[in-house]
Amino acid sequence: MERYYQPEIECASRESILALQNERLVKQVRHVWDNVPYYRKKMEEKGVTPDDIQSVADLHKLPFLSKDDLREAYPYGLLAKPLKDCVRIQSTSGTTGKRVVAFYTQHDIDLWEDCCARAITAAGGTDEDVCQVCYGYGLFTGGPGLNGGSHKVGCLTLPMSSGNTDRQLQFMVDLQSTILCCTPSYAAYLAESIHERGLRDQIKLKAGIFGAEAWSEEMRRDIEKQLGIKAFDIYGLTETSGPGVAFECSEQTGMHINEDHFIAEIIDPNTGEVLPEGSKGELVFTSITKEAFPLLRYRTRDICVLTREKCSCGRTLVKMSKPMGRSDDMLIVKGVNVFPSQIEAVLIEQGYQANYQIIVDRINNSDTLDVLVEMTPENFSDSLGKITEMEKSLVAALKAMLGIYARVKLVAPKTIARSEGKAVRIIDKRKI
Amino acid sequence: MSIHQISVFLENRVGQLAQITQILAEHHIDLRALSIAETTDYGILRVIVDDTVKATDILLEQGFILSKTPVLVISVPDAPGGLAQVLALLAEGQLDIEYMYSLFTNQNGNAYMVFRVSDEAKFTALLQSHNIPIATSEELGIH
């Protein structure tokens, strides 16, 4: 039987959700206008005032926000509440070194955790469950979000954070975890380790909530079979709160967007024009309940499709497809956002030219990141030791910038394939 | 009395070395010595040729990354113990060898060893005080 955390919202009629959205949007635009000079200026430039926004139908009149805006306004430029009202930040890597910092009031955290609780409940979670959260805790939203949601549902929560597979498996067996929350690639890795160690009969998992990176239907079936569970997708981004912006139900045909908190639009990434329902385009979110960091019309750069087709789970919330790609060059590697521009900045800083190639692959269900860098005459040394040192220093600088390990390979000049004179920067070999 | 070695950056890729030797052959450049230092991903080719300037120009023209490094070439008797004597001197003088390799040439019962050491001046002095000859470019037909 399908379970709901907040059925009055999740199964509400389209009309009542729309009415809620209209009311909240009008209020939110006023809140932003009054408290965020950065966005107010954008509105003024477009000749829009809060009076022009009377309902969701007027949403298209508002200017967009992009990752560039977040960088420009870093750190406080988009903050809409006094710092004394904020209780938390979460963060993610941004372009060229500037991080994205999102602020939360206690109320914001409450609503975010509600969203995660809906996801856990949709996956079958109740207060009888043991929920093992192996997303990273800390600045990354994965751990804190699911942790909060798990508390709300009343699950016994295991705040494992990421890594340390031996310990993960020990707790999974000893404490009989029933719900697993982590990235799909880590779930696949855990599944493999469970089989290798012959623990399959000793685990009691029934469901998994896997997000923060792309995964295929094939990978889902594989994990489900190996662990004997039902695997659910979850979507979110730090800019809007974190995981739980959208979540999958038992039908597993897309993720329901929490429309009482976020209004979703699909736009043409080139023209910015709003596309009709069912079109493939870039996903744009407007936060209508967030107090501290209320982004209006934030361009996610994720390409997907929205559908309002009736869902067998009983929820009426609009569904988004799995992201089918990006309208920028961002890569997600091991759940971490990686921009080629970040890698370029490190190379230039270390005296290389911007001739590089990023190769992403998935080996044994784990993402790998290789960076090929062309050697320059200025950097070349006759000593192997010195070149090895340079390579190490590049690896360290990339780790500091990206937060993940990248294998660096120095190559001869002009060996990186160029198409029409421009180096082919990214090769993504992952089959997802 | 240094002789210049050409060091070329090599990617560990099939055919890279063949390409370089082919280029040198086409320009009638004779190799006097060759050595390769490598890691799993890349290497450094070190060569001594009969025409250093010409070889350098050609390789640069072909887009290779290289540097010219002064090295010492020492003639040692091509007989048991010939090299041991020189290495004993280096140890005695507390000098580090960055790398060494041998020339293809063998003249008058002597073999030639290429040395790159931590302190070239000190090494030269040690060799001179022990009457160990340092090879000249004329002797090796290098110009």
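Here are a few worked exercises on the structure above.

This is a predicted model, so local features need pLDDT of at least 70 and side-chain atom pairs count only at pLDDT 80 or more, while totals for chains, interfaces and linings use all residues. Residues are numbered from 1 along each chain as its sequence is written, chains are lettered from A and ligands numbered from 1 in the order in which they are written, and side-chain values use heavy atoms, with hydrogens and water left out.

**Exercise 1.** Work out how the radius of gyration of chain A squares with that of a compact globule.

*Solution.* Start with the rule: 2.2 Å times the number of residues to the power 0.38, with the radius taken over C-alpha atoms. For 432 residues that puts a compact globule near 22 Å, and chain A agrees because its value is 22 Å. Next, the box: along the principal axes, the C-alpha atoms of chain A fill roughly 70 × 65 × 40 Å. Finally, burial: 58% of the 432 residues of chain A are buried, meaning under 20% relative accessible area (exposed is over 50%, partly exposed in between; 1.4 Å probe, protein chains only).

**Exercise 2.** Place A:R362 and find a polar partner for its side chain.

*Solution.* First locate A:R362: strand β17 of chain A, residues 356–363. Helices (H or I, at least four residues) and strands (E, at least two) are DSSP runs numbered from the N terminus. Then check exposure: A:R362 counts as buried because its relative accessibility is 15%. Now the partner: the A:R362 side chain makes a polar contact with the side chain of A:D367 at 2.6 Å. That term covers N or O pairs within 3.5 Å; within protein, one atom must be able to donate a hydrogen and the other to accept it, and residues adjacent in sequence count only if both atoms are side-chain atoms.

**Exercise 3.** Describe the surroundings of B:S75.

*Solution.* B:S75 sits in strand β4 of chain B, residues 66–77. At a relative accessible area of 6%, B:S75 is buried. Setting aside neighbours within four places in sequence, B:S75 is in contact (heavy atoms within 4.5 Å) with B:N110, B:A111, B:Y112, B:I132 and B:P133.

**Exercise 4.** Which elements cover the buried residues of α2(B)?

*Solution.* Take the helix itself: α2 of chain B spans residues 52–61, and its buried residues include B:T52, B:A55, B:T56, B:I58 and B:L59. Their cover includes β1 (3–11), α1 (16–26), β3 (42–49) and β4 of chain B. After α2(B) comes B:G63, with a positive phi near 90°.
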